[in-house]
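This report works through one protein chain, moving from single residues to sheets, cores and a pocket. The sequence and the structure come first, and the text follows from them.

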Amino acid sequence: MKIVIDALGGDNAPLEILKGGWMAAQETGAEILFTGGKEQLEKLIADNGFSHPGISVMDAPECISNDDTIHAIKEKKNSSLVVGLNLLREGRADALISAGSTGALITGATLIAKRIRGIRRAALAPLIVTDKGPAMLIDAGANTDCPLEYYRDFAMMGSIYMERVRGIKSPKVGLVNVGTEESKGNDTLRAANELLKTLPVNYIGNLEAREIPAGAADVIVCDGFTGNVILKLMEGMGRMLNRNLKAIFMKNTRSKLAAVLANAGLRDFKKKMDYEEYGGAPLLGIDSAVIKAHGSSNAKAIAIAVRQAITFVDNKVNDEIKSYLKGDQENASC
């Protein structure tokens, strides 16, 4: 399997990106193809001991930064992201990973790799921390305004991903709303609630935001505006909790001793709250495996994102989505 990694995308590019790909090549046996300035990347790979038979570099001297507009996809055709997406479209790679600009990745994947036929818009679907394990938040920013049909696509794609990739049998799907009652929400949300009831997924109904951290649902469906607010709030709360716990345990000698005694539990808690453990956010609805790694991803997060991409491809997530859509269209024509 060949995985393309945008070596110039992300806060820690290119060194941590290269190291993560190198780690993944050793751990998984996948071919890793980095895109970026060939001379620069090959020198860094050699100087830092990242050489590996499964690693190669495709020259792409331009970089799309977070300051660029989405028009950079058309203006910077030799950028590491665009070159990588073209490799994906041409069938020369099985998946792509980028920690760079989210907007550029969504736009580029839609224009170059293309959407799955029948999916109206691609959705950004990160995994978030809950008491019962990771849950998928879909959409988390790709679509700020969502017509009714988008909610159907999000619920269906999220359910398939969580079952095929995360191994959750009959994942619970909930719709974010201001209350659990049937009458809650605006016209679109009330209609979406009725529509989701008709899908062949384990739909549990409306979901209040306070139920999300408790793990009430495995797939959390919402528009991209709401999803992005939820995502950023949970990231901020996680950092705040970690800061406060550290301050409490470092306060004095007795609290430091307590920290030593509670070390195993604290280590498990930190791991549970660590975004790196989940790899990246799949861009569902694109007709290829595309993973958006966190902007501040380190080598470990990139290596996990590679494993995530491999699992996505091996479990034929997009084939399952297409199969569902085909069956839905056949039922509609009957």
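Leaving aside its neighbours within four places in sequence, Asp 153 is in contact with Gly 118, Ile 119 and Arg 120. The coordinates belong to a predicted model, and every statement below should be read with that in mind. Asp 153 is placed in helix α6, and because its relative accessible area is 0%, below the 20% limit, the residue counts as buried.

**The first core and its surroundings**

Helix α6, which spans residues 148-164, also gives the most to the largest nonpolar core, with nine residues. That core holds 67 residues, and Ile 3 and Phe 34 are the ones that touch the most other members. Such grouping agrees with a wider pattern, since nonpolar side chains in soluble globular proteins tend to be buried together. Beyond four places in sequence, the contacts of Ile 3 are Ala 30, Glu 31, Ile 32, Leu 33, Ala 95, Ile 97, Val 306, Ala 309 and Ile 310. Apart from the largest core lies another, made up of 27 residues, and Leu 33, Val 83, Ala 93 and Val 290 are among them.

Glu 31, one of the contacts of Ile 3, belongs to strand β2, residues 31-36. Is Glu 31 buried or partly exposed? With a relative accessible area of 41%, Glu 31 is partly exposed, because this value falls between the 20% and 50% limits. With neighbours within four places in sequence set aside, Glu 31 is in contact with Met 1, Lys 2, Ile 3 and Gly 54. A separation of 37 Å lies between the C-alpha atoms of Glu 31 and Asn 202, which are 171 residues apart along the chain.

**Strands and their pairing**

Strand β2 is part of an open sheet of seven strands, whose order is β3-β2-β1-β4-β12-β11-β5 and whose pairing is mixed. At the edges of this sheet stand β3 (55-59) and β5, each of which pairs on one side only. Within the sheet, β4 (residues 95-98) and β12 (residues 289-293) run parallel and are joined by four bridges, and Leu 96 has Val 290 in β12 as its bridge partner. Val 290 is also among the residues of the core of 27 residues.

A further parallel pair is formed by β8 (residues 172-176) and β9 (residues 202-207), which five bridges join; here Gly 174 stands opposite Gly 205 in β9. Together with helix α7, residues 187-197, these two strands make a right-handed β-α-β unit.

**Unusual backbone geometry**

Four places in the backbone deserve a separate listing, with two cis peptide bonds and two positive phi values in residues other than glycine.

| Site | Angle | Loop |
|---|---|---|
| Ala 13 to Pro 14, cis peptide bond | omega about -5 degrees | Pro 14: between β1 (2-6) and α1 (15-28) |
| Ile 138 to Asp 139, cis peptide bond | omega near 15 degrees | Asp 139: between β7 (135-138) and α6 |
| Lys 114, positive phi | phi near 75 degrees | between α5 (102-113) and β5 (123-124) |
| Lys 316, positive phi | phi near 50 degrees | between α11 (299-314) and α12 (317-333) |

The relative accessible area of Lys 114 is 45%, so this residue is partly exposed. Lys 316, at 48% relative accessibility, likewise counts as partly exposed, because its value does not exceed the 50% limit.

**The second largest pocket**

Lys 316 appears again in the lining of the second largest pocket, where it is joined by Asp 94, Asp 287, Ser 288, Ala 289, Phe 312, Val 313, Val 317, Asn 318, Asp 319 and Lys 322. The volume of this pocket is about 220 Å³. Which elements give two or more residues to its lining? They are α11 and α12, and α12 gives the most, with four residues. Lys 316 itself is in the loop between these two helices, whereas Ala 289, another of the lining residues, falls within the range of β12, residues 289-293.

Methods. Residues numbered from 1 in each chain as written. Predicted model: local features only at pLDDT ≥ 70, side-chain atom pairs only at ≥ 80, totals over all residues. Heavy atoms only, no water. Pairing = 2+ DSSP bridges. Right-handed = clockwise from strand over helix to strand, strands pointing away. Core = buried A, V, L, I, M, F, W, Y, C linked by side-chain atoms within 4.5 Å. Buried < 20%, exposed > 50% of the residue type's maximum accessible area, 1.4 Å probe, protein only. Contact = heavy atoms within 4.5 Å. 1 Å grid on protein atoms, 1.4 Å probe; cavity = no way out; pocket = protein on both sides within 12 Å on 5 of 7 lines; lining within 4 Å. Points joined across faces, edges and corners; volume = space filled by probe spheres on them.
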